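Hello,

Here is the structure we talked about. Please open it and keep it beside this email while you read.

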Amino acid sequence: MKNFYREILKSGRDVKVFAKEFGVTTQTVYSWKSGKSKPKTGHMHKMAKILKIDIDKIIDDFYI
C-alpha cells in the first residue's frame with residue numbers, strides 16, 4: 001500500500017473526504033494508489049501539507 005494512502009487512513013479521513021478536501025476525484029486518488037498515474041509536483045506538496053507529513057515520503061511513493 002502506498003504511504004500516502006496509509007497516511008490518508010491514519011489521518012482519520014476516507015478517500016472521499018480526502019479527495020474533496022484535496023480538490024480531485026476519488027478515482028484520481030485510486031489511480032495514484034494503483035500506480036496508473038502520478039500526482040503533479042504541486043499536488044505532492046499539497047498532499048504533504050494536508051496530511052502533515054514530509055514531502056520526501058510522498059516523492060518516495062511515486063518515484064522510488
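**What I found**

Of the 64 residues in the chain, 36% count as buried. Keep in mind that this is a predicted model.

Start with the overall build. The chain has five helices and zero strands. Read along the sequence, the pattern is α-α-α-α-α. The C-alpha atoms fill a box of roughly 25 × 25 × 20 Å, taken along the principal axes. How does the radius of gyration agree with that of a compact globule? For 64 residues, such a globule would have a value near 11 Å. The chain has 10 Å, which agrees.

Two more totals are useful. Take the contacts between residues at least 6 apart in sequence: 51% of them join residues at least 24 apart. The chain exposes about 4100 Å², and carbon and sulfur atoms supply 52% of that area.

**Helix α3**

Now go to Ser 31. This residue sits in helix α3, which covers residues 26-34. Is Ser 31 buried or exposed? Its relative accessible area is 13%. Buried means under 20%, so Ser 31 is buried. Leave out residues up to four places away in sequence, and Ser 31 touches Lys 36 and Ser 37.

Which residues of α3 are buried? They are Val 29, Ser 31 and Trp 32. These three cover an arc of only 160° around the axis, which puts them on the same side of α3. What covers them? The cover includes α1 (3-10), α2 (15-22), α4 (41-51) and α5 (55-63). Try finding each of these helices in the view.

Next, look at what comes after the helix. Gly 35 follows α3, and its phi is positive, near 90°.

**Aromatic rings**

How many aromatic pairs does a search of the whole structure find? It finds four. Here are two of them.

Phe 4 and Phe 62 form a tilted pair. Their ring centres are 5.3 Å apart, with 35° between the planes. Phe 4 lies in helix α1 and Phe 62 in helix α5, so this pair ties together parts that are 58 residues apart in sequence. Both Phe 4 and Phe 62 are buried.

Phe 22 and Trp 32 form an edge-to-face pair. Here the distance is 5.5 Å centre to centre, and the angle between the planes is 85°. Why does this pair tie together parts 10 residues apart in sequence? Because Phe 22 lies in helix α2 and Trp 32 in helix α3. Phe 22 is buried, and so is Trp 32. You met Trp 32 above, among the buried residues of α3.

Now put the rings together. Phe 4, Phe 18, Phe 22, Trp 32 and Phe 62 form one aromatic cluster. Select these five residues and look at them as a group.

**Lysines over rings**

Finally, check two lysines. Lys 33 lies over the face of Tyr 5, at 4.4 Å from the ring centre. The charged end of Lys 46 sits over the ring of Phe 22, 5.2 Å from its centre. Phe 22 is also part of the aromatic cluster, so do look at its ring from both sides.

Best wishes

Terms used:
Residues numbered from 1 in each chain as written. Predicted model: local features only at pLDDT ≥ 70, side-chain atom pairs only at ≥ 80, totals over all residues. Heavy atoms only, no water. Helix = DSSP H or I, 4+ residues; strand = E, 2+ residues; numbered from the N terminus. Buried < 20%, exposed > 50% of the residue type's maximum accessible area, 1.4 Å probe, protein only. Contact = heavy atoms within 4.5 Å. Arc of directions from axis to C-beta. Phe/Tyr/Trp six-rings, centres within 6.5 Å; stacked < 30°, edge-to-face > 60°. Lys NZ or Arg CZ within 6 Å of the ring centre and 35° of its normal. Rg over C-alpha atoms; globule rule 2.2 N^0.38 Å. Areas by Shrake-Rupley, 256 points an atom, 1.4 Å probe, with all protein chains shown as cover.
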